[in-house]
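Hi everyone, thanks for coming. Today I'd like to talk about aromatic rings and who they sit next to. Let's put the structure up.

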Amino acid sequence: LDILPKKLVLNGNASLYRYDWQREKFNKSYQAQSSATPDNTRQAEAYVQKYNQIQLNGTLTYTDTFAEKHNLEAMLGTEYFTYDQFDFEAKTQNSPTDDIPTLNAGSTRTYTSTTKTAYRILSGFGRINYNYDMRYLISFVARYDGISKLKDNRWGFFPGVSAGWIFGQENFIKEAIPFLSFGKLRASYGVNGNASGIGAYTLQGSYNTAVYNGNTGFLIGTLPNPGLRWEKTKTAEVGMDLSFFENRLNANFTYYNRLTSDK
């Protein structure tokens, strides 16, 4: 939506990814050559897996030029992500006939299991890009993300800043190095967050079944850990990009230092 043509633009996107998978299996009665009697186990199996992944995002972007050489772009956005998965598996055996290959015909239920998994992410983000005469560049970015996989440290703030100087457009550089087509110095520092290695319910711990004195109960398998937090990667980088002889020869030099914490 062009609120102000070529200046203020509202943009929205929505996506849905749905996955459905199904497997059915039935073993008819059979008799091995080495056996005198048939095997009437007739095991039936069914397995179903499905999940939905929904992503919604919206951005508001403002772009303008002031005093001919001051160029500004500012963007604010938000994003919502949700994931839901369901698994079902069951097995029966001892069906009385080969003509009914479904689970309900089996007189003995040997296995039944259902699993549900879900998590959500809500984010806000922004970016400001400014350049003077397309030579001096600076950019600020930031994200604020919350994920249901965490509790005490659910929200994380991840900023970044970068700057650049396209020195190849300076007149004194053009005169001194006429065969230089492009030259840029750049530097940046930013923090990225990651929670992909954390299970949907890891912070809640787990329970196992156990039999004591003939009775089935539950015991703690993994202790809850509500103190889990976002993994953060801090990266500092400086570099230079060069092109010579009308971009026939290109060179790139970069130094970076990356440190990951709370892995």
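I'll go through the ring pairs, then a cluster, then a couple of charges over rings. Keep in mind that this is a predicted model.

So, how many aromatic pairs does a search of the whole structure find? It finds 12. Let's start with Tyr132 and Tyr136. Their ring centres are 6.1 Å apart and their planes are at 20°, so we call this pair stacked; the cut-off for that is planes under 30 degrees apart. Are these two tucked away? Not fully: Tyr132 is partly exposed, with a relative accessible area of 28%, and Tyr136 is partly exposed too, at 34%.

Now look at Phe158 and Trp230. Here the centres are 5.4 Å apart and the planes sit at 70°, so this pair is edge-to-face. Phe158 is in strand E7, residues 155–165, while Trp230 is in the loop between strand E10 (215–222) and strand E11 (231–244), so the pair ties together parts that are 72 residues apart in sequence. And buried or exposed, Phe158 and Trp230? Both are buried.

Next, the cluster. Ring pairs link Tyr17, Tyr19, Tyr51, Phe81, Tyr83 and Tyr119. Hold on to Tyr119, since we meet that residue again: the charged end of Lys149 sits over the ring of Tyr119, 4.4 Å from its centre. There's another case like this, with Lys91: its charged end sits over the ring of Tyr111, 5.7 Å from the ring centre.

That's my tour of the rings. Thanks for listening!

Definitions and conventions
Residues are numbered from 1 along each chain as its sequence is written. This is a predicted model: local features need pLDDT of at least 70, side-chain atom pairs count only at pLDDT 80 or more; totals for chains, interfaces and linings use all residues. Side-chain values use heavy atoms; hydrogens and water are left out. Rings of Phe, Tyr and Trp (its six-membered ring) pair if their centres lie within 6.5 Å; planes under 30 degrees apart count as stacked, over 60 as edge-to-face and the rest as tilted. Buried means under 20% relative accessible area, exposed over 50%, partly exposed in between (1.4 Å probe, protein chains only). Helices (H or I, at least four residues) and strands (E, at least two) are DSSP runs, numbered from the N terminus. A charge sits over a ring if NZ of Lys or CZ of Arg is within 6 Å of the ring centre and within 35 degrees of the ring normal.
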